[in-house]
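Please take a little time with the two chains shown below, and keep the sequence and the 3D view side by side while you read. The paragraphs that follow go from the separate chains to the places where they meet.

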Amino acid sequence: MSRRHRKKRGSGNVELNLAAMLDMAFQMLAFFVFTFKPAPTEGQLTMNLPPPVAITNVDQKPDPSNAGGGNGGSDENTLHIFITANDRGDADVVKIGLRPISKGMLNKVALRTLSDELKTMFGDALIPFDRIQLAVDPRLRYDELMKVVDVCTKQKLPSGQLLQRISFVEIPEGAAP
Amino acid sequence: MSGSSNSEGVDTNLTPMLDLVFQLITFFMLVTNFKGAAMDLSLKLPVLGSARPLEWSGKNEPLMINLNSTGKIRSEGRDHEIDPFIQREARFVKLQLRAAGTDYKEGDDLPVPVILRADKDVKFATLNQVIRTCQEVGYRQFSLSAMNRAE
């Protein structure tokens with residue numbers, strides 16, 4: 001009887017000391033609060049960058065050693081865009097092949113014109129372009145280049161796929177077309 | 001005397017506070033991103049509305065390259081020269097691929113994307129050097145980073 005009574009009283013007195021757990025929880029909370037950095041709203045433009053191809057004259061016969069091209073692809077499937085820059089690193093002239101598309105800063109109007117031109121060219125199933133090669137002035141700043149890259153990656157191939165194959169080459173100084 | 005016995009009897013109920021603290025801990029654990037440590041947050045990225053978060057489900061971690069406006073790659077708090085850094089990282093990835101028993105052969109494309117975080121003032125010549133070096137060692141998939149909106 002007395003034994004049973006003692007047992008009852010013992011189970012009723014069990015008390016969890018929450019203070020220690022609270023201390024630890026606050027330490028963990030402090031750690032996470034101090035190490036917390038909100039992630040920047042950063043995104044990516046994903047693309048396949050094969051090695052560049054040699055730019056050939058359209059009047060010449062294609063170089064058989066380059067045809068088919070493996071990773072590099074062939075020049076006849078490549079649309080060449082040339083971007084020159086001024087001394088401040090802003091875009092100066094943008095050309096598709098030898099045809100000027102915009103002069104001066106790359107504003108919305110210039111980018112819209114470029115986009116419309118590309119849409120026309122890639123929408124034509126008879127023109128076999130599947131990649132773009134950007135020949136860029138070495139002085140051009142990255143944010144100016146990205147405006148053009150952004151327009152290029154939005155283009156759709158006749159198959160419906162988004163264009164992802166873009167390559168870059170540097171225009172040697174004084175060699176702008 | 002009776003007053004002192006009263007004060008001894010005061011017992012704060014800590015359970016709701018503990019509940020709340022654990023909820024806060026859970027929140028911070030879920031939103032904390034330790035991978036952000038690999039990013040150099042001092043870089044000013046270009047702003048492009050069409051940039052989307054990278055969806056990568058491969059086994060190998062993408063190679064993150066932070067290219068600052070001085071033309072150096074910033075990694076682990078130090079500036080590195082472009083070519084040696086990329087070549088070292090590529091060697092490491094190739095070793096990892098061989099150790100994992102994949103059928104990777106020397107000269108194959110590396111099945112690892114490169115995330116290129118370049119400052120918006122970086123000149124194309126520097127950027128092109130990075131891309132060329134990456135291509136030479138076998139990288140083909142690139143993601144160019146940009147902010148979704150100006151901050």
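Helices (H or I, at least four residues) and strands (E, at least two) are taken here as DSSP runs, numbered from the N terminus. Read in that way, chain B runs α-α-β-β-β-α-β-α-β from its N terminus on, which amounts to four helices and five strands. Chain A has four helices and six strands, and its elements follow one another from the N terminus as α-α-β-β-β-β-α-β-α-β.

This is a predicted model, in which local features need a pLDDT of at least 70 and side-chain atom pairs count only at pLDDT 80 or more, whereas totals for chains, interfaces and linings use all residues. Residues are numbered from 1 along each chain as its sequence is written, while chains are lettered from A and ligands numbered from 1 in the order in which they are written.

The predictor's confidence in each residue is given as pLDDT, on a scale from 0 to 100. Chain A averages a pLDDT of 77, and 75% of its residues score at least 70. Two residues are said to be in contact if their C-beta atoms, placed from the backbone, lie within 7 Å. Over residues 1-5 of chain A the pLDDT stays under 50, and the model has zero contacts for them beyond four places in sequence; over residues 57-72 of chain A it also stays under 50, but here the model has 19 such contacts. Where pLDDT is low, the predicted coordinates should not be read in detail.

How much of each chain is buried can be stated once the term is fixed: a residue is buried if 20 or more other C-beta atoms lie within 10 Å of its own, exposed if 12 or fewer, and partly exposed in between, with C-beta atoms placed from the backbone. Buried residues make up 28% of the 177 residues in chain A, and 26% of the 151 residues of chain B count as buried. Of the contacts with a separation of 6 or more, residues 24 or more positions apart account for 58% in chain A and for 80% in chain B.

A good place to enter chain A is strand β2 (residues 78-85), which is mostly covered, since seven of its eight residues are buried. Two strands pair if DSSP finds at least two bridges between them. β2(A) pairs with β5(A) in the parallel sense over six bridges, and A:F82 has A:A135 as its bridge partner in β5(A). Four bridges also join β2(A) to strand β3 (residues 91-96) of chain A, and these two run antiparallel; there A:A85 has A:A91 as its partner. The hairpin of β2(A) and β3(A) has five residues between the strands, and in it A:G89 takes a positive phi near 95°.

From β5(A) (residues 131-136) the path leads on to strand β6 (residues 166-170) of chain A, with which it pairs in the parallel sense over five bridges, and A:I132 stands opposite A:I166. Together β5(A), α4(A) and β6(A) make a right-handed β-α-β unit, right-handed meaning that, with the strands pointing away from the viewer, the path from the first strand over the helix to the second runs clockwise.

Which residues have the most contacts inside the largest nonpolar core? They are A:I83 and B:L116, in a core of 56 residues, where a nonpolar core is a set of buried Ala, Val, Leu, Ile, Met, Phe, Trp, Tyr and Cys residues joined through C-beta atoms within 7 Å. Helix α4 (residues 142-153) of chain A gives the most to this core, with seven residues. Beyond four places in sequence, A:I83 touches several residues, including A:V94, A:L134 and A:V148.

Finally, 46 residues of chain B are in contact with 42 residues of chain A. α2(B) gives the most to the side of chain B that touches chain A, with 10 residues. Strand β1 (residues 42-48) of chain A and β5(B) pair in the antiparallel sense over seven bridges, and A:N48 has B:Q141 as its bridge partner in β5(B).
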